[in-house]
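Open the model in a viewer and keep the sequence panel visible. The stops below are meant to be selected in order.

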Amino acid sequence: VRHIFFEEDEGSEEESDEDEEESVLKTTIVQVLKVCLADNWSQVRMAASVLCRKFFITLIKEQQKHSNDDDEDDIFDSFYPALLPRMCLNRFYLAQGVKLYSHDTWKIIFERKGNGLQMVAKNAASICRYYVKMCDADNHVVREAACQAVAELAQKIGTHEEYAELLAPFVPMLLQVRKSTKKTQFCG
């Protein structure tokens, strides 16, 4: 009996160690993506975009393999505030490779469930803060992309019957950015 107890206990400990290592790895990947998806060099953004897509696809496949239901949103909830703002903004980035790849990634990840707009609305706080920060970036390409992203946010979320109320608390902040950046021609 003692022998069986210790074998089961060791197995649980190994699973726990694997889960902990996996969690640390996911957290590390998210932190790397958070920085690299916002890098000023388009080559770094592109490499990060490739990693981001692979990361999400791998998590989706892992979730589908271990789950009978089709609701994998919880697994991503902790990643969305860090990654969604950067993923959204990169769809407007000047470098065509980054822009097109980011659009395709968005389609792959969100259009299969048709919940991209919902995820943006649910994460409006982190997205708005990031956009405001990027509207004041030193890099004019980033500022331009951020202004275009703010316009899209206003158009798609701000006018949406169900999601507009989630954006409403951030409208003053977004309007202030529009005022302060109007001189740069990007948010005209």
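The tour starts with the whole chain and then moves through helix pairs and single residues.

**Whole chain**

This is a predicted model. Colour the chain by secondary structure: ten helices and zero strands should appear. Read from the N terminus, the order of elements is α-α-α-α-α-α-α-α-α-α. Now switch to a surface. The chain exposes about 11,300 Å², and carbon and sulfur atoms supply 53% of that area. Of the 188 residues in the chain, 40% are buried. Among contacts with a separation of 6 or more, 65% join residues 24 or more positions apart.

**Lys34, on helix H1**

Select residues 2-36, which form helix H1, and pick out Lys34 within that helix. Is Lys34 buried or exposed? Neither label applies: Lys34 counts as partly exposed because its relative accessibility is 34%, between the 20% and 50% cut-offs. Next, show the residues around this side chain. Apart from neighbours within four places in sequence, Lys34 is in contact with Ala82, Leu83 and Arg86. Add Pro81 and draw a distance between C-alpha atoms: Lys34 and Pro81 are separated by 9.9 Å, although they are 47 residues apart along the chain.

**Helix H2 against helix H4**

Select residues 42-66 for helix H2 and residues 80-90 for helix H4. The two pack at an angle of about 125 degrees, and their axes are 12 Å apart. H2 is therefore oblique to H4. The crossing in which H2 passes H4 is left-handed. To see the contact, show side chains for Arg45, Ser49, Cys52, Phe55 and Phe56 in H2, and for Tyr80, Leu83, Met87, Leu89 and Asn90 in H4. Coloured by class, the contact of H2 with H4 has seven nonpolar, two polar and one charged residues.

**Helix H4 against helix H5**

Keep H4 on screen and add residues 96-111, helix H5. How do the axes of H4 and H5 cross? They come within 8 Å and cross at roughly 130 degrees, which means that H4 is oblique to H5. On the H4 side, select Tyr80, Leu84, Met87, Cys88 and Asn90; on the H5 side, select Val98, Lys99, Ser102, Thr105, Trp106, Ile109 and Phe110. The residues of this contact divide into eight nonpolar, three polar and one charged. Tyr80, Met87 and Asn90 of H4 are listed here and also in the contact with H2.

**Leu117, on helix H6**

Move on to helix H6, residues 116-122, and select Leu117 there. With a relative accessible area of 32%, Leu117 is partly exposed. Outside its neighbours within four places in sequence, Leu117 is in contact with Lys156, Ile157, His160 and Tyr163. Draw the C-alpha to C-alpha distance to Tyr163: Leu117 and Tyr163 are 8.4 Å apart in space and 46 residues apart in sequence.

**Helix H7 against helix H8**

For the last stop, select residues 124-135 as helix H7 and residues 140-156 as helix H8. Their axes come within 8 Å and cross at roughly 145 degrees, and the crossing is left-handed. From H7, show Ile127, Cys128, Tyr131, Met134 and Cys135; from H8, show Val142, Arg143, Ala146, Cys147, Ala149, Val150 and Leu153. Which classes of residue make up the contact of H7 with H8? There are eleven nonpolar residues, no polar ones and one charged.

Definitions and conventions: Residues numbered from 1 in each chain as written. Predicted model: local features only at pLDDT ≥ 70, side-chain atom pairs only at ≥ 80, totals over all residues. Heavy atoms only, no water. Axes fitted to C-alpha atoms, helices over the stretch in contact; angles between N-to-C directions. Helix = DSSP H or I, 4+ residues; strand = E, 2+ residues; numbered from the N terminus. Parallel < 35°, antiparallel > 145°, perpendicular 65-115°, else oblique. Left-handed = near helix turned anticlockwise from the far one by under 90°. Contact = heavy atoms within 4.5 Å. Nonpolar A, V, L, I, M, F, W, Y, C, P; charged D, E, K, R; others polar. Buried < 20%, exposed > 50% of the residue type's maximum accessible area, 1.4 Å probe, protein only. Areas by Shrake-Rupley, 256 points an atom, 1.4 Å probe, with all protein chains shown as cover.
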